[in-house]
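The following paragraphs lead through the model shown here, beginning with how far its coordinates can be trusted and then turning to the chains themselves.

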Amino acid sequence: MAFVPPARHLLRAKDLADARYFEPLDVDDLARAAGLSRAHFSREFRRAFGESPHAYLLTRRLERAAALLRTTDRSVADVCVSVGLQSVGSFTTSFTRTFGVSPTAYRAAFPPAAVHALIPACVVHAYSRPQRSTFREDSVTTHG
Amino acid sequence: MLKIATTQLWVHDQDEALAFYTEKLGMELRSDVTVAEMGNFRWLTVGPAGQEISVVLMAIPGPPVMDAVTADQVRELAGKGFAGTVFLTTEDCEASYEELGARGVEFTERPEERPYGIDSAFRDPSGNHFRLTQVRELAER
């Protein structure tokens with residue numbers, strides 16, 4: 001049997017968030033992908049990647065939402081559902097907290113970005129994902 | 001003219017990597033040489049058929065080549081997916097996705113339309129990141 005460092009299992013969970021963010025995926029699903037209990041998984045994920053799995057999944061969704069706002073004319077509600085979030089209200093709140101402007105204002109600030117056309121999707125995903133350290137939901141995960 | 005001849009990826013297990021690159025990705029074994037006087041160092045390279053470039057499937061060494069702490073860091077970085085990336089191209093991303101998927105390659109991204117073409121992604125067993133892209137110019141030719 002090949003040697004597999006524990007981080008490789010955590011990467012499976014991170015890959016799952018990146019691949020299936022548009023589905024009703026939650027931290028329990030990510031923990032299952034890593035083969036760990038939820039509490040142990042959240043701790044180990046944070047140790048490996050510097051943020052909670054919840055924060056990673058939410059910022060992936062917000063990054064994808066921002067991309068859809070920039071590159072499509074789909075409604076905010078449609079964008080919200082398309083990135084796997086259920087409530088337009090909490091989507092708008094999270095988005096505004098993260099990007100500093102509402103989804104509608106964000107869209108208005110970005111003209112079509114053909115200039116970025118040649119940059120690989122993985123680079124776009126990695127470099128435009130927002131960083132936040134103060135998700136309210138995180139404190140629940142951390143202390144729970 | 002400078003040409004890229006060989007490049008290297010860290011792998012956690014050379015036998016596992018060899019099976020993945022040859023049996024699942026369909027690459028050719030280029031060299032597999034174990035050198036007794038070099039502590040049984042194993043020079044293992046593979047490459048895509050019809051192309052000169054080779055990829056070294058390099059085991060993460062221990063001391064004295066690499067101190068134990070660094071080796072652990074490299075192992076962990078590879079496992080976290082931060083050690084290596086290869087950009088592959090294909091003439092038909094959907095067909096390659098089906099073919100590789102049928103051989104057990106686990107994709108992290110299904111083929112999707114991007115401004116530069118149709119793009120997908122998978123990882124090798126060690127966590128190295130592969131993109132598999134049908135570049136726009138190729139598709140339109």
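Because this is a predicted model, it helps to recall that pLDDT is the predictor's confidence in each residue, given on a scale from 0 to 100. Chain A has an average pLDDT of 86, and 83% of its residues score at least 70. Within chain A, the highest confidence is found in helix α2 (residues 27-34), at a mean of 97, whereas the lowest is found in helix α9 (residues 136-143), at a mean of 46. Residues 138-144 of chain A have a pLDDT below 50, and this stretch makes eight contacts in the model beyond near neighbours in sequence. Where pLDDT is low, the predicted coordinates should not be read in detail.

Another element of chain A is helix α4, which covers residues 53-71 and has 19 residues. From its first C-alpha to its last, α4 of chain A reaches 27 Å, close to the 27 Å expected at 1.5 Å a residue. This helix is mostly covered, with 16 of its 19 residues buried.

Chain B, to which we now turn, has a secondary structure of four helices and eight strands, and its elements follow one another from the N terminus in the order β-α-β-β-β-α-β-α-β-β-β-α. Taken along the principal axes, the box filled by the C-alpha atoms of chain B is roughly 50 × 35 × 30 Å. Chain B has 141 residues, of which 43% count as buried, and, among its contacts between residues at least 6 apart in sequence, 49% join residues at least 24 apart. The accessible surface of chain B comes to about 7,800 Å², with 53% of it belonging to carbon and sulfur atoms. Chain B carries 13 positive and 24 negative charges, and the mean positions of these two sets are 3 Å apart.

Two details of the backbone of chain B remain, and both concern loops. Most residues other than glycine have a negative phi, and most peptide bonds are trans. In the loop between β2 (28-35) and β3 (41-47) of chain B lies B:Asn40, whose phi is near 60°, a positive value in a residue other than glycine. Is B:Asn40 buried or exposed? B:Asn40 counts as exposed because its relative accessibility is 52%, and the cut-off for that class is over 50%. The other detail is the peptide bond from B:Pro63 to B:Pro64, which is cis, with omega near 5°. B:Pro64 is found in the loop between β4 (54-59) and α2 (68-80) of chain B.

Technical notes
Residues numbered from 1 in each chain as written. Chains lettered and ligands numbered in written order. Predicted model: local features only at pLDDT ≥ 70, side-chain atom pairs only at ≥ 80, totals over all residues. Heavy atoms only, no water. Buried < 20%, exposed > 50% of the residue type's maximum accessible area, 1.4 Å probe, protein only. Contact = heavy atoms within 4.5 Å. Areas by Shrake-Rupley, 256 points an atom, 1.4 Å probe, with all protein chains shown as cover. Lys, Arg positive; Asp, Glu negative; His and termini not counted. Charge placed at Lys NZ, Arg CZ, Asp CG, Glu CD. Expected span 1.5 Å × (residues − 1).
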